[in-house]
Amino acid sequence: MKKAILGLAGIALVATMVSCGNKKGTTKSGVDYEFFKGSAGTTLQEGDIIELDYNLKVGDSLLNSSAQQSAMSGLPVEFVLPENDSANYFSSPVPLDGLYLMKANDSAVFKIAAPKFFEKIGQAKPGWIQDGDFISWEVKVLKVSAAKELTEKRSALRKINADFAKLDNGLEYKFETLGESDRATQFNDFIEFHVLQKIGDSVLGSTRTQPGAQPAQQQITRQPQKFDLSEGLAMMRSGDKATFRIPVKEIFSQNPNQPRPEWIKENDYLVFEIEAINVKPGKEFRKEQEEKQAKAQEEMEAQSQAAGAANAKEIEAYLASKNITDFKKTASGLYYVIHKEGTGSKAAKGQTVSVNYSGKLLNGTEFDSNTNPKYKHVEPFEVPVGQGMVIKGWDEGLQLFSKGTKATLYIPSNLGYGPQGAGQDIPPNSVLVFDMEILDIK
């Protein structure tokens with residue numbers, strides 16, 4: 001149970017309003033701090049690589065620690081500081097706006113009341129944590145590798161070589177082309193690239209031969225294990241072409257339970273031929289993705305509304321052809337006919353409704369029913385209403401009826417399964433017709 005909180009204890013990136021030199025204070029995220037060695041300052045920068053020791057506790061209970069993490073991975077606990085304007089204060093092992101106050105060799109404790117912590121992360125407090133408990137992080141910064149120095153080092157290594165050179169993590173590299181970008185790549189950037197992966201003459205995969213031939217997209221994260229490709233990607237700039245390789249004997253030596261296939265020779269290399277199409281800062285990339293998603297959502301909504309308007313004409317033509325005149329229409333475009341009024345209160349949001357139903361298309365083709373043995377679920381269907389557990393037409397429609405009601409819903413596609421339809425039985429942009437009886441509301 002206690003381990004469930006581990007992923008919550010995080011670290012956020014936010015500017016902290018404190019005066020340099022303070023031993024005690026409160027960060028912008030509401031975390032109290034006390035320095036036992038050093039004092040609050042503002043020396044760390046985005047892109048710095050931080051190595052640290054920490055203990056995460058609730059009261060006196062140890063939930064997680066750098067020692068535990070290192071024992072599992074065999075590596076020190078380190079990460080790259082993200083941009084210092086994130087709204088997510090608790091996304092990594094230590095509250096980030098607190099960590100930004102530290103420097104190498106500083107020791108401090110960060111502390112926040114448990115109810116306040118869970119309120120800030122938007123999750124319910126586990127029952128085993130008491131209201132009077134505190135979440136605390138005991139932290140020591142062991143080492144800081146400055147982003148500026150790392151960038152200068154990578155820039156010096158970025159040159160066309162006659163033969164392969166080797167990075168500190170063992171990854172071998174050779175640049176064939178240098179792009180014209182004057183912006184050095186940072187960890188946490190997003191890179192868009194084409195890659196061909198091979199061993200010897202055998203091509204294992206290529207983005208250029210995949211359907212659509214779209215380049216790969218990846219955030220360049222810090223991975224301290226040997227031969228990790230991220231160290232190579234962090235060297236590249238837009239327009240660069242480079243080849244990276246790893247001796248296969250090293251790969252199989254790290255995986256002794258995985259035998260080397262006969263077609264792979266002992267002296268072969270796992271090779272990555274990479275062309276960097278574009279490299280963007282994480283903040284810029286995320287903004288572009290959000291704008292694309294918002295635009296796609298707007299286009300989808302417009303198409304959905306257009307389909308709904310067309311469906312309304314279909315529904316009204318159908319009702320007219322059947323001489324059905326006692327129908328009603330809601331503001332959202334849902335049509336319904338009540339055949340038998342129930343009694344009592346109508347279903348309210350959050351209540352569970354028990355219902356019998358049969359669903360069909362306007363042409364009469366039935367696609368589901370819980371009263372027809374053909375569909376193998378002959379039992380009342382129970383669903384909490386207003387919770388997004390069913391299509392919008394059902395969520396709205398069930399709240400129109402009281403217990404005992406018999407009715408028919410005519411649901412346009414924008415309140416149903418939309419342009420994607422549902423399997424083979426419900427085509428895209430289909431009007432759905434549901435005959436239903438409300439058995440119970442509780």
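Mentor: Before we start, a quick definition: Ala, Val, Leu, Ile, Met, Phe, Trp, Tyr, Cys and Pro count as nonpolar, Asp, Glu, Lys and Arg as charged, and the others, Gly among them, as polar. Keep in mind that this is a predicted model.

Trainee: Okay, how do the residues lining the second largest pocket divide by class?

Mentor: That pocket has a volume of about 510 Å³, and 23 residues line it. Leu-150, Lys-153, Asp-168, Arg-222 and Glu-231 lie nearest its centre. By class, the lining comes out as eleven nonpolar, three polar and nine charged.

Trainee: Which element gives the most to that pocket's lining?

Mentor: Start with the elements that give two or more residues to the lining of the second largest pocket: strand 3 (49–58), strand 7 (134–145) and helix 4 (147–157). The top contributor gives four residues, and that's helix 4.

Trainee: What about enclosed space: what volume does the largest cavity have?

Mentor: The structure holds one cavity of 30 Å³ or more. Its lining includes Thr-151, Arg-154 and Met-235, and by class there are three nonpolar, three polar and three charged residues. The volume of the largest cavity is about 40 Å³.

Trainee: Now Ser-206: is this residue buried or exposed?

Mentor: You'll find Ser-206 in strand 11 (residues 202–206). Its relative accessible area is 9%, and the cut-off for buried is under 20%. So Ser-206 counts as buried.

Trainee: And which backbone nitrogen does the Ser-206 side chain reach?

Mentor: Leaving aside neighbours within four places in sequence, Ser-206 is in contact with Val-195 and Leu-196. As for the side chain, at 3.2 Å it reaches the backbone nitrogen of Arg-208.

Technical notes: Residues numbered from 1 in each chain as written. Predicted model: local features only at pLDDT ≥ 70, side-chain atom pairs only at ≥ 80, totals over all residues. Heavy atoms only, no water. 1 Å grid on protein atoms, 1.4 Å probe; cavity = no way out; pocket = protein on both sides within 12 Å on 5 of 7 lines; lining within 4 Å. Points joined across faces, edges and corners; volume = space filled by probe spheres on them. Buried < 20%, exposed > 50% of the residue type's maximum accessible area, 1.4 Å probe, protein only. Polar contact = N/O pair within 3.5 Å; in protein donor to acceptor, adjacent residues only side chain to side chain. Contact = heavy atoms within 4.5 Å.
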